[in-house]
Amino acid sequence: MGKVFDEIDDKLAAWIGRQRMFFIGTAASGSDGHVNVSPKGPIESLRVLGPRRVGYVHLIGIGAETVAHVRENGGIVIMLCAFEGPSRIVRLHGRGDVVQIGEPGFAELEAPFDFDHLPAAAEAARAIVVVEVERVADSCGYGVPLMRYEGERPQQLAWIESKLRNSGDEALMDYVAEGNEISIDGLPAFASETLPRRSSGKVPR
């Protein structure tokens, strides 16, 4: 039997921190827009910022759907599943806000994240998505299989390092400007003129 919680208490926050990954769900407004679900990880890229507030680091190298949807209507759900130990699914429904790198407040928001465990994020964070949580609920999770964790995949960090090595300091922002300006539904995500550039003196941090 599922349970609805008043907030994310210390016990639930600790459980969230023990999971290996999480999922993000968003949707475009209207009947003809796409729904998007994305797996995210490692878990260190998600932080509980308060009893009804969470945030996660949105990295370069993935699509623009989540950011575009959140900018359009704010609706978002974060889901976590227990793949080890007792079965459980937790969903955090709420309203999101995108704080882009270089914007006021980004540095303050990134402070709680442990970048020693997020080597990719030190160079490739393009935004932090903050969620004001409106509903906290769990369910049995009996349909989620037991799976053994073997480690993080190295490809993302290798791709980031290769982009910077081969194309220079602006390579990651160039990637966002070229491929992440709009979603597949044509919704605005990252406007190229708002991206921080080292060449212009607008460094990310």
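**Exercise 1. Where does Leu-118 lie, and what surrounds it?**

In which loop does Leu-118 lie? Work out its place, then find out whether Leu-118 is buried or exposed.

*Solution.* Keep in mind that you're looking at a predicted model.

- Step 1: Find helices α3 and α4 (121–124); Leu-118 sits in the loop between them.
- Step 2: Check the cover. The relative accessible area of Leu-118 is 4%. The cut-off for buried is under 20%, so Leu-118 counts as buried.
- Step 3: Look for its neighbours. Leaving aside residues up to four places away in sequence, Leu-118 touches Pro-42, Glu-44, Ser-45 and Phe-113.
- Step 4: Try a distance. Val-57 is 61 residues from Leu-118 in sequence, yet their C-alpha atoms are 9.6 Å apart in space.

**Exercise 2. Follow up on Pro-42.**

One of the residues Leu-118 touches is Pro-42. Find where Pro-42 is, and say which form the peptide bond from Gly-41 to Pro-42 takes, cis or trans.

*Solution.*

- Step 1: Pro-42 is in the loop that joins β3 and β4 (46–50).
- Step 2: Omega for the bond from Gly-41 to Pro-42 is near 0°, and the bond is cis.
- Step 3: Put that in context: most peptide bonds are trans.

**Exercise 3. Get the overall layout.**

How many helices and strands does the protein have? Describe their order, then judge the overall dimensions.

*Solution.*

- Step 1: Count the elements: 6 helices and 8 strands.
- Step 2: Walk along the sequence and you get β-α-β-β-β-β-α-β-β-α-α-β-α-α.
- Step 3: Compare the radius of gyration with the globule rule. The protein comes out at 17 Å, close to the 17 Å the rule gives for 205 residues, so it is as compact as a globular protein of that length.
- Step 4: Picture a box along the principal axes: the C-alpha atoms fill roughly 55 × 40 × 30 Å.
- Step 5: Look at cover and surface. Of the 205 residues, 43% are buried, and the protein exposes about 10900 Å², with carbon and sulfur atoms supplying 52% of that.
- Step 6: Check how far contacts reach along the chain. Among contacts with a separation of 6 or more, 70% are between residues 24 or more positions apart.

**Exercise 4. Look around helix α2.**

Which residues of helix α2 (residues 65–73) are buried, and what covers them?

*Solution.*

- Step 1: The buried ones are Glu-65, Thr-66, Val-67, Ala-68, His-69 and Val-70.
- Step 2: Their cover includes β2 (22–27), β3 (35–40), β5 (53–59), β6 (75–81) and β7.
- Step 3: Step just past the end of α2 and you reach Gly-74, which has a positive phi of about 85°.
- Step 4: For comparison, most residues other than glycine have a negative phi.

**Exercise 5. Describe how α5 and α6 pack.**

At what angle do helix α5 (residues 155–167) and helix α6 (residues 171–179) pack, and how far apart are their axes?

*Solution.*

- Step 1: Recall what you need: two packed helices are described by the angle between their axes and the distance between the axes.
- Step 2: For α5 and α6, the angle is about 105° and the axes are 8 Å apart. That makes α5 roughly perpendicular to α6.
- Step 3: List who meets whom. From α5 come Trp-159, Ile-160, Lys-163, Leu-164 and Ser-167; from α6 come Ala-171, Leu-172 and Tyr-175.
- Step 4: Sort those residues by type, and you have 6 nonpolar, 1 polar and 1 charged.

**Exercise 6. Compare three residues.**

Say for each of Leu-157, Leu-195 and Gly-102 whether it is buried, partly exposed or exposed.

*Solution.*

- Step 1: Leu-157 is in helix α5. With a relative accessible area of 28%, Leu-157 is partly exposed. Its C-alpha is 16 Å from that of Val-176, 19 residues away in sequence.
- Step 2: Leu-195 is in the segment after α6. At 3% relative accessible area, Leu-195 is buried. Met-173 is 22 residues away in sequence and 6.7 Å away in space, C-alpha to C-alpha.
- Step 3: Gly-102 is in the loop between β7 (89–100) and α3 (106–110). A relative accessible area of 54% makes Gly-102 exposed. The C-alpha atoms of Gly-102 and Glu-170 are separated by 14 Å, with their positions 68 residues apart along the chain.

Note on methods. Residues numbered from 1 in each chain as written. Predicted model: local features only at pLDDT ≥ 70, side-chain atom pairs only at ≥ 80, totals over all residues. Heavy atoms only, no water. Axes fitted to C-alpha atoms, helices over the stretch in contact; angles between N-to-C directions. Helix = DSSP H or I, 4+ residues; strand = E, 2+ residues; numbered from the N terminus. Parallel < 35°, antiparallel > 145°, perpendicular 65-115°, else oblique. Contact = heavy atoms within 4.5 Å. Nonpolar A, V, L, I, M, F, W, Y, C, P; charged D, E, K, R; others polar. Rg over C-alpha atoms; globule rule 2.2 N^0.38 Å. Buried < 20%, exposed > 50% of the residue type's maximum accessible area, 1.4 Å probe, protein only. Areas by Shrake-Rupley, 256 points an atom, 1.4 Å probe, with all protein chains shown as cover.
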